[in-house]
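Student: I would like a close look at a single part of this structure. Please give the criteria behind each term as it arises.

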Amino acid sequence: PITPTIVRKFRNTTNPAPGAERIFYGRADDPDIAAHLTHGIQSRSSLGAASLINPLPKTNFQQKIQDRKEAIYFSNREAPLGKSHDQSPMLPKGLDITNTTFGTKIIQDAPAGELINPPKTFEEVDEETRKGHDLYVVSHNDYYAGEAINRKYDSPNFNKSFAYGIETPHFKDGRNVSKSLNWLCDLQWKKAAKIVSKRSDDFKEKFQPQVGKVLDPIAETMNVPPGHTFGMLLRPDECGVGDLLHCRAPSEFLRGKDRERAVLAAVRQSLKKANYENFDMLLEAFRHYDKNGDGMIDKDDLRKSCFQLNLNLDDELLDSLFDYCDLDKDGLISYLEFANFLNWKDKMAVKEFEEKIITGGKKINVSALSGTSTDDEPLLKQEDLVLKEPGSSEKTPKTLTRPTDSVFADYQTTSSQYNAVVGGLPTTYYPVCGIPTIRSDIPAPRIRRISDRTNYGDEANAYALLFPSVFSQKGVYENDFFKTRPKAEVAQILHNSGMNISDERFEQIWKQACMKQQEEEVCVQNVRNILDEINAT
């Protein structure tokens, strides 16, 4: 016969077919019953808080029902609920309940406080303790601590109050107490070497980490020396990043001399600063270094000059400095090499009379500085002097270049391709990628969110935070400079800052500022920029 569907469903649990998954059907997993199941306990409404705090008065019928329910308690039989029951039926007959008291009468003695600390003077207490002390001395040799024994000596040179012997040392730091608390055997046991089982020590050394040792449980199975290091040794690269950037030849690789180059740069910077602060002219600084007056600086002259400037250099660092400055490798530092590597030639321009001396003769003496020079080879050729800036009359020695300063020109950058021809693309047509850090291209919102950390040009940048200007130290910030102000207020700010500008000149400045900002009110920053342009011209 055909098995019914319901029976077949449970038959699959007890006797499944070959290859069928055994499924245990419960009431919750049964699709026929699970749809109608309600899980949990049904909640019932409880009493309200008002009925518990202020219950309704009971009727006589309710009170009689409650009394009948409480009548089963033994205490309720003796006395109503809430009252103390009468215990007289359990007492002996004829006992006077009112006047009878039980227990033993306690005789009150002196309190414990008076026994421990009696209200007596020291003399009274001492007199009471000494009443029978003499008898106890005779019968029991009962002396006080520190009391001298009366040996009944009749010598006039003896007094029983004399103290004999060496005074016991007393320390207030508690060292004797610490000795009594720490016994000698305990101290010796703590200081002595602990005896440990060799088997336990070998187990700890093998399986537990030890201070200063490498945990290696299989060290006994490896037939290698104790200091053996596993792995492959990685050798350093032959060239560094600087060698790749400057395209140095393999023979010119620094090979780890970057730190030496950094120290050398720090020494050169110190010499440059000292020469700039102590001398007004390049020629005067060169004369200080040229001890012999022959127009060249040798290694001994450089050592003496560094010692005079409180720069104590060792021989290795001095050799490196001299080798760096001596570009032509002739063993001497010329005037041009000195101006390039040991001084700030851009800040100390060559003056007119100094140019005559430099290009006139090589030896430097008192007559040379006065305007006359010898007929020797000049310190600097005329073609080695270049203009400091285009259009300027000041001259400075030309810049020397090293082989590492030259960069291969076999590649082209994108910016060089833009301006490869005359009249090429201006910089305004350069593609700008990304979002600028200072969003001066969009206006700042009138109401900013707390989470908005964007700098809209009215806040300080990282440089201003590291090196604050004199304005920020006085409590004036960027948004104060960019705030638009009326004409009278700007004039008052310039007057308060100590700038005495006539009314006609201020009118011209105000018109230029209004034309630039194209508004009736301008900010102080625009006025400052116009004043800087006027001072520059």
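Tutor: What follows concentrates on one lysine and its surroundings, and then sets that residue beside a surface patch and the whole chain. The model is predicted, with local features requiring pLDDT of at least 70 and side-chain atom pairs pLDDT 80 or more, whereas totals for chains, interfaces and linings use all residues. Residues are numbered from 1 along each chain as its sequence is written, and side-chain values use heavy atoms, leaving out hydrogens and water.

Lysine 272 belongs to helix H13, residues 258–278; helices are DSSP runs of H or I with at least four residues, strands are E runs of at least two, and both are numbered from the N terminus. Lysine 272 counts as buried because its relative accessibility is 13%, buried being under 20% relative accessible area, exposed over 50%, and partly exposed in between (1.4 Å probe, protein chains only). Leaving aside residues up to four places away in sequence, lysine 272 touches Asn340, Phe341, Leu342, Asn343 and Trp344, where contact means heavy atoms within 4.5 Å. With phenylalanine 341, 69 residues apart along the chain, the C-alpha separation is 8.1 Å.

Leucine 91, by contrast, is partly exposed, at a relative accessible area of 35%. Leucine 91 is located in the loop between helix H5 (74–78) and helix H6 (112–116).

For the chain as a whole, 26 helices and four strands are assigned. Of its 537 residues, 18% are buried. Among contacts with a separation of 6 or more, 43% are between residues 24 or more positions apart.
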